[in-house]
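Student: Could you take me through a close look at one part of this model? I would like to see how one residue and its surroundings fit together.

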Amino acid sequence: MHGDPQLISFETENDLNIISGKVSAVRATSPHINLLNVLDIAGAAVREASSRCGAIYPEDSGLQDVSPLNFAVNGLLAAYPSNVVSFLKHEGEMPDLKGIKVVLVGIGYTAPPQHALTIAQRHNLVAIWSAIAWASGATVVEVDPDPRTGPAPSSVP
């Protein structure tokens with residue numbers, strides 16, 4: 001079923017304005033990242049703003065350092081992605097990404113003072129977050145291959 005192109009264009013522009021307004025107001029309040037919550041909140045915001053499928057582009061190293069997925073814990077970077085997903089499902093900690101495209105940006109890349117990950121660690125971290133997104137109902141999961149190694153904005157913790 002196809003709609004009126006002008007109406008679809010208007011709805012798309014309206015959706016973008018709503019989402020842009022919400023995103024521009026978001027600021028970090030803690031030096032810690034909970035990417036699971038970020039994905040869940042972003043998924044809810046996309047579904048609220050658009051009657052059609054949307055996309056989220058979380059830009060982060062992926063090194064969440066708070067429970068239930070604390071990558072500072074020895075060995076978690078080497079965990080099997082399926083085991084991580086099973087654990088998160090058991091804990092009720094899976095984000096809701098049903099019907100949403102997820103593009104992982106910067107996953108596995110660090111910036112000082114964090115130490116760089118090994119190639120194997122980076123690949124496994126990408127696999128873990130991809131598995132989480134797929135298991136959370138994402139319709140598409142992509143990984144932006146460009147490294148993000150610059151410093152964080154100075155206006156946030």
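Tutor: Happily; what follows starts at S136 and moves outward to the helix before it, the core and the sheet. This is a predicted model, in which local features need pLDDT of at least 70 and side-chain atom pairs count only at pLDDT 80 or more, while totals for chains, interfaces and linings use all residues. Residues are numbered from 1 along each chain as its sequence is written, and side-chain values use heavy atoms, with hydrogens and water left out.

S136 sits in the loop between α4 (119-135) and β3 (140-144); helices (H or I, at least four residues) and strands (E, at least two) are DSSP runs, numbered from the N terminus. With 4% relative accessibility, S136 counts as buried, meaning under 20% relative accessible area with a 1.4 Å probe, protein chains only. Its side chain reaches the backbone oxygen of I132 at 2.7 Å. Setting aside neighbours within four places in sequence, S136 is in contact (heavy atoms within 4.5 Å) with M94, P95, D96, L97 and K98.

I132 also leads us to the largest nonpolar core, where it is among the residues with the most contacts inside a set of 28; such a core joins buried Ala, Val, Leu, Ile, Met, Phe, Trp, Tyr and Cys residues through side-chain atoms within 4.5 Å. α4 gives the most to this core, with 6 residues.

Finally, α4 lies across β2 and β3.

Note on methods: Buried means under 20% relative accessible area, exposed over 50%, partly exposed in between (1.4 Å probe, protein chains only). A polar contact is a pair of N or O atoms within 3.5 Å; within protein, one must be able to donate a hydrogen and the other to accept it, and residues adjacent in sequence count only if both atoms are side-chain atoms. Axes are lines fitted to C-alpha atoms, for helices over the stretch in contact, and angles run from 0 to 180 degrees between N-to-C directions.
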